[in-house]
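Trainee: I am new to this structure, and I would like a close look at its salt bridges. Please take me slowly through the charged pairs and then through what lies around them.

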Amino acid sequence: MSTAPLPTTSKTPSPQDGGPSFGLRNRLVRLVWGVVWLLLASWTPAPLHPWRRALLRLFGARMGHRADVRGSSRVWLPSHLVMADHALIGPKVTCYNQAPITLGERALVSQGAHLCAGTHDIDRADFPLVAKPIVIGAHAWVAAEAFVGPGAVIGEGCVLGARAVAFGRLDDWGVYAGNPARRVRERRWRSPGSGAPA
Ligand SMILES: CC(C)(COP(=O)(O)OP(=O)(O)OC[C@H]1O[C@@H](n2cnc3c(N)ncnc32)[C@H](O)[C@@H]1OP(=O)(O)O)[C@@H](O)C(=O)NCCC(=O)NCCS
């Protein structure tokens, strides 16, 4: 196998060579944001959600009524985060929103999940960043330690099971599990106590 170096297409150092994928302003905003979250939010208990919401809004996130990100989670860039009313990003979630990540009303992301909106063009020698938005529908549940990849659309009411890996589109009200995530059944949606579908 040849050991010759791959041809480069640009004089700017590629991400592989330690070059930046984002402009100076973006990097500065993220630096300030990282410090602000670390000092003012990362230690906060769950009931301090109004405070975390205010910080996220200050940095450009669109946060609905009672939407929350728990303090132990990390949001890469708040201006790329949209959370509808009562949407929740639980503890220790990585929200790597290099492209916008949108959560619908009452969407829930459980502990340790990874929402990853960035990848690289692996067929180009300069390995450029490719960022694709993620959409998580209203009432959907991304369970513990699941991975949601760039461009994924988790349908309304959909469940992505623990440690499942989702790329592409997952249908509304489907229950998905495994890697890659496969539909295991339909979600039955009942009002509490009624026994009947809502
Ligand atoms: C996805 C989930 C909700 C499905 O629950 P359920 O409807 O009761 O599913 P079942 O237990 O009937 O399982 C259906 C099938 O999918 C499989 N399956 C379910 N969840 C799975 C998962 N996360 N990974 C792989 N396979 C899974 C089951 O083994 C079963 O397979 P089988 O039909 O071959 O026996 C549940 O399994 C899950 O992952 N819960 C999340 C737990 C979690 O994150 N907790 C944190 C709380 S904050």
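**The salt bridges and their surroundings**

Mentor: Let us begin with Asp172, which counts as partly exposed because its relative accessibility is 36%. The model in front of you is a predicted one, and every value that I mention has been computed from it. The partner of Asp172 is Arg169, and in this salt bridge the closest N and O atoms are 3.3 Å apart. Arg169 has a relative accessible area of 51%, and therefore it is classed as exposed. Elsewhere in the chain, Arg52, Asp68 and Arg70 are joined into one network by salt bridges that share partners. In general, side chains of opposite charge can pair when their charged atoms come close. The protein has 6 salt bridges by the rule applied here, and I will go through some of them.

Another pair is made by Arg124 and Asp126, whose closest N and O atoms lie 2.7 Å apart. Arg124 is partly exposed, because its relative accessibility comes to 44%, whereas Asp126 has a relative accessibility of 14% and so counts as buried. The cut-off behind that last step is that a residue is called buried when its relative accessible area is under 20%.

Within the network, the side chains of Asp68 and Arg52 meet in a salt bridge with an N to O distance of 2.9 Å. This pair links distant parts of the chain, for Asp68 belongs to strand E2 (residues 68-69) and Arg52 to helix H2, with their positions 16 residues apart in the numbering. Asp68 and Arg52 are both buried. As background for that, buried residues make up 38% of the 198 residues in the protein.

Arg52 has a further polar partner, and following it takes us to Thr44. The side chains of Thr44 and Arg52 make a polar contact at 2.9 Å. Thr44 sits in the loop that runs between H1 and helix H2 (49-58), and it counts as buried because its relative accessible area is 7%. The side chain of Thr44 also reaches the backbone oxygen of Ala41, at 2.5 Å. If we set aside the neighbours of Thr44 within four places in sequence, the residues in contact with it are Trp51, Arg52 and Gly71.

Trp51, one of those contacts, leads us out to the surface, where it is part of a nonpolar patch that also includes Trp43 and Leu48, among others. Together the residues of this patch have about 1,100 Å² of accessible area. Helix H1 (residues 24-40) gives the most to the patch, with 8 residues, and Leu38, a member of the patch, is found in helix H1. For the protein as a whole, the accessible surface comes to about 10,900 Å², and 58% of it belongs to carbon and sulfur atoms.

To place these pairs in the wider architecture, the protein contains 2 helices and 20 strands. Among contacts with a separation of 6 or more, those between residues 24 or more positions apart account for 24%.

A buried polar residue elsewhere in the chain is useful to set beside Thr44. Gln98 is placed in the loop between strand E6 (94-96) and strand E7 (101-103), and with a relative accessibility of 7% it therefore counts as buried. The side chain of Gln98 makes a polar contact with the side chain of Tyr96, at 3.0 Å. Beyond its neighbours within four places in sequence, Gln98 is in contact with several residues, including Phe22, Trp76, His80 and Leu129.

Finally, an arginine takes part in the surroundings of the ligand, where a polar side-chain atom of Arg185 lies 2.6 Å from a ligand oxygen atom. The protein covers 41% of the 910 Å² of accessible area that the ligand has on its own. There are 13 residues around the ligand, and Arg185 is among those that come nearest, along with Gln111, Ala143, Ala144 and Ala162. Backbone atoms take part as well: a backbone N or O atom of Ala144 is 2.8 Å from an oxygen atom of the ligand, and a polar backbone atom of Ala162 is 2.9 Å from a ligand oxygen. Strand E19 (174-177) and strand E20 (182-186) each supply at least two residues of this shell.

Terms used: Residues numbered from 1 in each chain as written. Predicted model: local features only at pLDDT ≥ 70, side-chain atom pairs only at ≥ 80, totals over all residues. Heavy atoms only, no water. Patch = residues over 30% accessible without salt bridge, like charges linked within 9 Å, V, L, I, M, F, W, Y side chains within 5 Å. Areas by Shrake-Rupley, 256 points an atom, 1.4 Å probe, with all protein chains shown as cover. Salt bridge = Lys/Arg side-chain N within 4 Å of Asp/Glu carboxyl O. Helix = DSSP H or I, 4+ residues; strand = E, 2+ residues; numbered from the N terminus. Buried < 20%, exposed > 50% of the residue type's maximum accessible area, 1.4 Å probe, protein only. Contact = heavy atoms within 4.5 Å. Polar contact = N/O pair within 3.5 Å; in protein donor to acceptor, adjacent residues only side chain to side chain. Near = heavy atom within 4 Å.
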